[in-house]
Amino acid sequence: MNRQARIALFIVSGLGFLCFYIWGLHGLPGFGHYPGPYGDIINSLTVYQRHATDAITAVNFDYRGFDTLGEEFILFTSVMGANLLLRKQKDDREQKRVVDRADDRVVPPTSDAVRVIGLALVLPIVVFGIYTIMHGQLTPGGGFQGGVILASMPLIIYLCGDYHAFEKVTSHVLSEIAEAIGAGGYAVVGLVSVALGYQYLTNFIPLGETGDVLSSGTILLISFLTGIEVAAGIVVLMISFFRQAFVYRKDGAEDGGKR
Amino acid sequence: MNQLAGEFMRMLPFLVAAWLFLVGLYGIVTSRHLVHLIMCLVVVQTSTYLLILGVGYRVGASAPIFADIPVGTPAVDPVTHALMLTDIVVEATVMALLLALAIQAEERAGSVDPEQLRIMRG
């Protein structure tokens, strides 16, 4: 299909979509008039039922824990898929080696200001990431957010130094193991509750005192495992992309020079 | 007239969501570069965030976090927030997978222009 035909098809189908969409909006309650009752019930019950003050984390890791398990495995498989696609491939037969086309460009050195501020931020970021993971049941936060904050630590080290500094603070094997433990641990928590005679992913750990860090039972445990998985998964992604950019392409450039 | 304006405001976030969806889709349809196409897909995805968070919003209500407000205070729907927050993180990794596919497309087919990628090979 050529370009004009595609755009024409887009305009026709886009207009059709808009008509049905606006028609459909008439049946929705207006913006700002949430009708409930599901969200309201959860809002009024989480503190009593789960001793968690953050209803969002309670929904994520308890009330809809099974749903989040599925989301987690989407994350896991897409990280593994990217990792698989970016590995060094042996069959050069069919494949045109990609080389860095701007291999001779001058990379400006990192400025001292970036270096100093970046290095000063490394420890606070680790602490803040762990804090966000561990306080997910009390205040905004949880495994997903805290994991991403934790994973930004190696990235800052890359910003301050270079690829070799990044390579020193990360480990592909360890990250993959941590990712697997995080993803598998979530499923195992569910199985433990089955073994104890409850339904899958029932909160079986004592709930503790509302407002304490160590409270709300499995919500904290699952949040912790999710944090490990998200942080390790994003580090695995960064390692794969950096290797692709800095190691394999450089190899290709060297081969290309010899031929 | 006033009623029409009220009706418009009532639907504004949902209309913005539709606009984001269509703009992103237009970008995908006319894309000349796979990385651009992936970014457009992210814009399409963003429209769902706006739509779903718009459904859960309530005028004058606070965030559903009862650490410093008493239980029973009007709060927005926590379910929509929970869905969107997992989705944002998952979306980032799915985007990484798509970018890896784009790198593979360049290695295998020598092009990142979707128009040039007509020949499928096993």
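**Figure 1. The packing of helices H5(A) and H6(A) in the predicted model.** In this predicted model, helix H5 (112–134) of chain A and helix H6 (143–160) of chain A pack with their axes 8 Å apart and at an angle of about 165°. Angles over 145 degrees count as roughly antiparallel, so H5(A) is roughly antiparallel to H6(A). The crossing of these two helices is left-handed, and their contact, sorted by class, has 16 nonpolar, 8 polar and 1 charged residues. Two packed helices are described by the angle between their axes and by the distance between those axes.

**Figure 2. The crossing of helices H4(A) and H8(A).** The axes of H4(A) and H8(A) come within 11 Å, and they cross at roughly 155°; the two helices are therefore roughly antiparallel to each other. This crossing is left-handed. On the H4(A) side, the residues that take part are Leu69(A), Glu72(A), Phe73(A), Phe76(A) and Val79(A), and these meet Glu179(A), Ala183(A), Tyr186(A), Ala187(A) and Gly190(A) in H8(A). Sorted by class, the contact of H4(A) with H8(A) has 7 nonpolar, 1 polar and 2 charged residues.

**Figure 3. Arg87(A) in the loop that follows H4(A).** Arg87(A) is found in the loop between H4 and H5 of chain A. Because 13 other C-beta atoms lie within 10 Å, Arg87(A) is partly exposed. Although Arg87(A) and Arg243(A) are 156 residues apart along the chain, their C-alpha atoms are separated by 8.4 Å. For chain A as a whole, residues 24 or more positions apart account for 71% of the contacts that have a separation of 6 or more.

**Figure 4. The largest nonpolar core, with residues from chain A and chain B.** The largest nonpolar core has 53 residues, of which Val59(A), Ala82(A), Ala231(A), Val235(A) and Ala100(B) touch the most other members. At least two residues of this core are supplied by each of H2, H3, H4, H6, helix H8 (172–195) and H9 of chain A, and also by helix H3 (78–109) of chain B. The largest share comes from H9(A), which gives 14 residues. A second, separate core has 6 residues, among them Ala17(B), Ala18(B), Phe21(B) and Leu22(B). To return to one member of the largest core, Ala231(A), this residue touches Gly147(A), Leu150(A) and Ala151(A), when residues up to four places away in sequence are not counted.

**Figure 5. The side of chain A that touches chain B.** In this view, 47 residues of chain A are in contact with 45 residues of chain B. Two or more residues on the chain A side are given by each of helix H1 (3–25), helix H2 (38–50), helix H3 (55–63), helix H4 (65–85), helix H6 (143–160) and helix H9 (218–258) of chain A. Of the elements on this side, H4(A) gives the most, with 9 residues. Sorted by class, the side of chain A that touches chain B has 26 nonpolar, 16 polar and 5 charged residues.

**Figure 6. The helices of chain A.** The secondary structure of chain A comes to 9 helices and 0 strands, and the pattern read along the sequence is α-α-α-α-α-α-α-α-α. Chain A has 259 residues, of which 35% count as buried.

Terms used:
Residues are numbered from 1 along each chain as its sequence is written. Chains are lettered from A and ligands numbered from 1 in the order in which they are written. This is a predicted model: local features need pLDDT of at least 70, side-chain atom pairs count only at pLDDT 80 or more; totals for chains, interfaces and linings use all residues. Two residues are in contact if their C-beta atoms, placed from the backbone, lie within 7 Å. Helices (H or I, at least four residues) and strands (E, at least two) are DSSP runs, numbered from the N terminus. Ala, Val, Leu, Ile, Met, Phe, Trp, Tyr, Cys and Pro count as nonpolar, Asp, Glu, Lys and Arg as charged, and the others, Gly among them, as polar. A nonpolar core is a set of buried Ala, Val, Leu, Ile, Met, Phe, Trp, Tyr and Cys residues joined through C-beta atoms within 7 Å. A residue is buried if 20 or more other C-beta atoms lie within 10 Å of its own, exposed if 12 or fewer, and partly exposed in between; C-beta atoms are placed from the backbone. Axes are lines fitted to C-alpha atoms, for helices over the stretch in contact, and angles run from 0 to 180 degrees between N-to-C directions. Angles under 35 degrees count as roughly parallel, over 145 as roughly antiparallel, 65 to 115 as roughly perpendicular and the rest as oblique. A crossing is left-handed if the near helix is turned anticlockwise from the far one by less than a right angle, and right-handed if clockwise.
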